[in-house]
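Here is a quick tour of a small set of features in this structure. Have the model open alongside as you read.

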Amino acid sequence: MTDLCTSGGSIEELRKVIDATDTELFGLLEKRAKLARSIGKLKAAGAVYKPEREREIFERTVARAKAEGTLLSEEAIRNIVREICLLYTSDAADDRISVD
């Protein structure tokens with residue numbers, strides 16, 4: 001299959017790929033939320049938020065992005081990782097969601 005990101009497909013084709021990518025992305029975020037919730041339940045009496053875990057996730061993500069080549073800046077990646085981690089820790093008091 002031709003990579004529409006580099007082949008210069010029509011606007012309509014590219015938008016369909018964006019829509020499919022968004023669907024996949026949100027599915028992955030939901031999967032991550034469920035995994036984080038499961039970890040939170042296992043750590044019922046322990047600390048929920050661990051800044052060192054967020055740092056590990058960020059460093060791994062930046063290294064992978066740099067190795068693969070990315071259009072995102074390191075600051076953008078940091079902001080995305082931080083928002084994802086905050087999403088799962090904002091409900092921590094109620095749902096015991098953890099980031100590790």
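Let's start with Gly-40, which sits in helix H2. Helices here are DSSP runs of H or I with at least four residues, strands are E runs of at least two, and both are numbered from the N terminus. Gly-40 is buried, at a relative accessible area of 2%. For the cut-offs, buried means under 20% relative accessible area, exposed means over 50%, and partly exposed is in between (1.4 Å probe, protein chains only).

A word on what you're looking at: this is a predicted model, in which local features need pLDDT of at least 70 and side-chain atom pairs count only at pLDDT 80 or more, while totals for chains, interfaces and linings use all residues. Residues are numbered from 1 along each chain as its sequence is written, and side-chain values use heavy atoms, with hydrogens and water left out.

Back to H2. Arg-37 lies in this helix too, but at 35% relative accessibility it counts as partly exposed. Both residues pair up in space with Tyr-88, as the table shows.

| Pair | Separation along the chain | C-alpha to C-alpha distance |
|---|---|---|
| Gly-40 and Tyr-88 | 48 residues | 9.8 Å |
| Arg-37 and Tyr-88 | 51 residues | 8.0 Å |

Gly-40 has buried company in H2, namely Ala-33 and Ala-36. The helix has 32 residues and reaches 46 Å from first C-alpha to last, close to the expected 46 Å; that expectation is 1.5 Å times one less than the number of residues.

Zooming out, the protein chain has five helices and zero strands, so to speak an α-α-α-α-α run from the N terminus on. Of its 100 residues, 20% count as buried.

Next up is H3, residues 51-68, with 18 residues and a reach of 26 Å between its end C-alphas, close to the 26 Å expected. Which residues of H3 are buried? They are Glu-54, Ile-57, Phe-58, Val-62 and Ala-65. These cover an arc of only 125 degrees around the axis, which puts them on the same side of H3; the arc is that of the directions from the helix axis to the C-beta atoms. On the face turned away from that buried side you'll find the exposed Arg-64 and Ala-67. After H3 comes Gly-69, with a positive phi near 80 degrees.

Several of those names come back in the largest nonpolar core, whose seven residues are Ile-57, Phe-58, Val-62, Ala-65, Ile-77, Val-81 and Cys-85. A nonpolar core is a set of buried Ala, Val, Leu, Ile, Met, Phe, Trp, Tyr and Cys residues joined through side-chain atoms within 4.5 Å. H3 and H4 are the elements that give two or more residues to this core, and H3 gives the most, with four.

Finally, the largest pocket holds about 1,200 Å³ of space. Its lining has 25 residues, and the closest to the centre are Leu-25, Leu-28, Thr-61, Leu-72 and Ile-80. A pocket is an open set of points on a 1 Å grid over the protein atoms alone, where a 1.4 Å probe fits, with protein on both sides within 12 Å along at least five of seven lines; lining residues have an atom within 4 Å of a point. The volume is the space filled by probe spheres set on the points. H2 (11-42), H3 and H4 (74-90) each give two or more residues to the lining, with H2 giving the most at 10.
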